[in-house]
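Got the viewer open? Here is a short tour, one selection at a time.

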Amino acid sequence: MDKIVITGGRRLEGTVAISGAKNAALPILISSILTDDWNTFHNVPDLWDIRTIKRLMTDLGVRFKEDKTALKVDAGGLNSFEAPYDLVKTMRASVLVLGPLLARLGRARVSLPGGCAIGARPIDIHIKGLRQMGASINLDHGYVDAKTDQLKGADIYLDITTVTGTENLMMAAVLAKGSTILRNAAKEPEIVALADCLNNMGADIQGAGSSVITITGVKKLKPTFWSIIPDRIETGTFMVAAALTKGDLKIVNCVPSHVEAVIHKLKQAGVVVEKGQTSIFVKGPEQIQSVDMKTFPYPGFPTDMQAQFMVLMSIASGLSVITEAIFENRFIHVSELQRIGADIIVSGNCAVVRGVPQLSGAPVMATDLRASASLILAGLAAEGTTEVSRVYHLDRGYERIEEKFSALGAGIERVRV
Ligand code: EPZ
């Protein structure tokens, strides 16, 4: 079990390149299940979650080959339809194999993912949509057991704008008989990326990025060459790091239009942000101003940036109110931030943050992926040493983050314990 040790108080400056987006790579790699020959993907991030999905897909009979620049995936030999609990429990995104397996094999037996640190995270909307498309689904012994002779198009209203729900149903629909409409669909950039990749495979998907997506089923998909979009949450994380340390960062290989809500809030807090075509310049001010924030589905402020923004508000000039409107339990990082000297009071899904002049380093424990990123950020801003344990949470979604921060002047190192 590694830990990350940070000596805080140093300004970050220089240039950092953003890696491929975990939450785009996962559904796009899984979409290979819909094809029967070699697909080639570029800019796939080197993350624990990517290794997990490769293990799961290998167990389904999918083959992988990789070199320095590309990951190749061939589902021609798909010979199983079961995603076991021991893998699904470590990564909820595994439920995304449901739709493609049903579309390709007419059969899927996928463990219910169970809850996680940030909430119950049910998949009832995924299941309701698949049933509307003609799948017969039983839930028994902790598994979703689904079968169909042929999925058929349906007009589906999503009660909640679920990201993976939209992705699962989109992938189920591409080989269905007839047209499917997804209403109240999620609009995240990762949804658009998946739709673009599927259309490059020969699918017929219109409206991705809006709340109404229409998928007209086709007979067969062909393999593709595709590049994963940059990670907007990693982009936001480095923007906050620059703001926190009065730093001066150039963030490259990113998509500024994917982080507009974060840019807006950082500017309100007094941070200088200038957008380029594929880069963002961020300069931290002498004093951060307090700003209220509420998480919201895209294009609102992303819930995956809530913890990072809370760290910034913990050294701001006054009081800010942060509202988490997506997940029911996404303030676990608060108690760890309090150990580092943050003054935060939680009431329901609101956290009231009273800015303090200085955070002070302390040993803390990561609890989930984005919370662990916020602890690293707090350590960078704090006076003294911060030790973050259980960094396997961090490794799920950030590619060599301590190396990237160290190259920007941070006092940070990974220690094997
Ligand atoms: C995706 O999770 C992301 N994961 C999450 O990122 C992200 O926080 C989340 O979207 C919100 O943006 C991936 O893309 C792999 P939801 P997802 O379904 O799809 C409720 C990270 O750190 N809901 O949009 O699981 C649900 O409980 C992760 O990379 C139902 O009630 O989130 C939640 O309250 C963390 N029933 C809300 O909807 C359902 O069937 C939004 O969840 C589905 C969802």
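Before you click on anything, keep one cut-off in mind: a residue is buried under 20% relative accessible area, exposed over 50%, and partly exposed in between. By that rule K275, at 44% relative accessibility, counts as partly exposed. Keep in mind too that this is a predicted model.

**Start with everything in view**

Show the whole chain as a cartoon. You should find 14 helices and 24 strands. The C-alpha atoms fill a box of roughly 65 × 45 × 40 Å along the principal axes. How does the radius of gyration sit with a compact globule of 417 residues? The protein has 21 Å and the globule would be near 22 Å, so the two agree.

Now colour by accessibility. Of the 417 residues, 56% count as buried. Switch to a surface, and you are looking at about 16,100 Å², with 51% of it belonging to carbon and sulfur atoms. If you colour by charge instead, the 45 positive and 43 negative charges have mean positions 3 Å apart. As for contacts with a separation of 6 or more, 73% of them are between residues 24 or more positions apart.

**Select 260-268: helix α9**

Which residues of α9 are buried? Pick out A261, V262, I263, K265 and L266. A261 and K265, or V262 and L266, make handy pairs to look along. An α-helix has 3.6 residues a turn, so residues three or four places apart point the same way.

Next, add the cover over those buried residues: it includes α8 (232-244), β16 (272-275), β17 (279-283), β18 (293-294) and α10 (306-313). Just past the end of α9, stop at G270, which takes a positive phi of about 95°.

**Select E260 and K275**

Show side chains here. E260 and K275 meet in a salt bridge, at 2.7 Å from N to O. E260 belongs to helix α9 and K275 to strand β16, so the pair ties together parts 15 residues apart in sequence. E260 is partly exposed at 35% relative accessible area, and K275 is partly exposed as well, at 44%.

**Select R330 and D304**

Another salt bridge: the closest N and O atoms of R330 and D304 are 2.7 Å apart. This pair links distant parts of the chain, with R330 in the loop between β19 (319-323) and α11 (333-339), and D304 in the loop between β18 and α10, 26 residues apart. Buried or exposed, this R330? R330 is buried, at a relative accessible area of 7%. D304 counts as buried too, at 17%.

**Select R414 and D395**

Move on to strand β24 (411-416) and helix α13 (392-397). R414 and D395 form a salt bridge at 2.7 Å, N to O. R414 sits in the strand and D395 in the helix, so the bridge ties together parts 19 residues apart in sequence. Now add D2, E402 and R416: salt bridges that share partners join these three with D395 and R414 into one network. R414 counts as partly exposed, at 25% relative accessibility. For the wider picture, the structure holds 26 salt bridges.

**Last stop: K404**

Select K404, in helix α14 (401-406). This lysine is buried, with a relative accessible area of 13%. What does K404 touch, leaving out residues up to four places away in sequence? Light up V16, A17, I18 and S19, then E234 and F238, and finally E399.

How values were computed: Residues numbered from 1 in each chain as written. Predicted model: local features only at pLDDT ≥ 70, side-chain atom pairs only at ≥ 80, totals over all residues. Heavy atoms only, no water. Helix = DSSP H or I, 4+ residues; strand = E, 2+ residues; numbered from the N terminus. Rg over C-alpha atoms; globule rule 2.2 N^0.38 Å. Buried < 20%, exposed > 50% of the residue type's maximum accessible area, 1.4 Å probe, protein only. Contact = heavy atoms within 4.5 Å. Areas by Shrake-Rupley, 256 points an atom, 1.4 Å probe, with all protein chains shown as cover. Lys, Arg positive; Asp, Glu negative; His and termini not counted. Charge placed at Lys NZ, Arg CZ, Asp CG, Glu CD. Salt bridge = Lys/Arg side-chain N within 4 Å of Asp/Glu carboxyl O.
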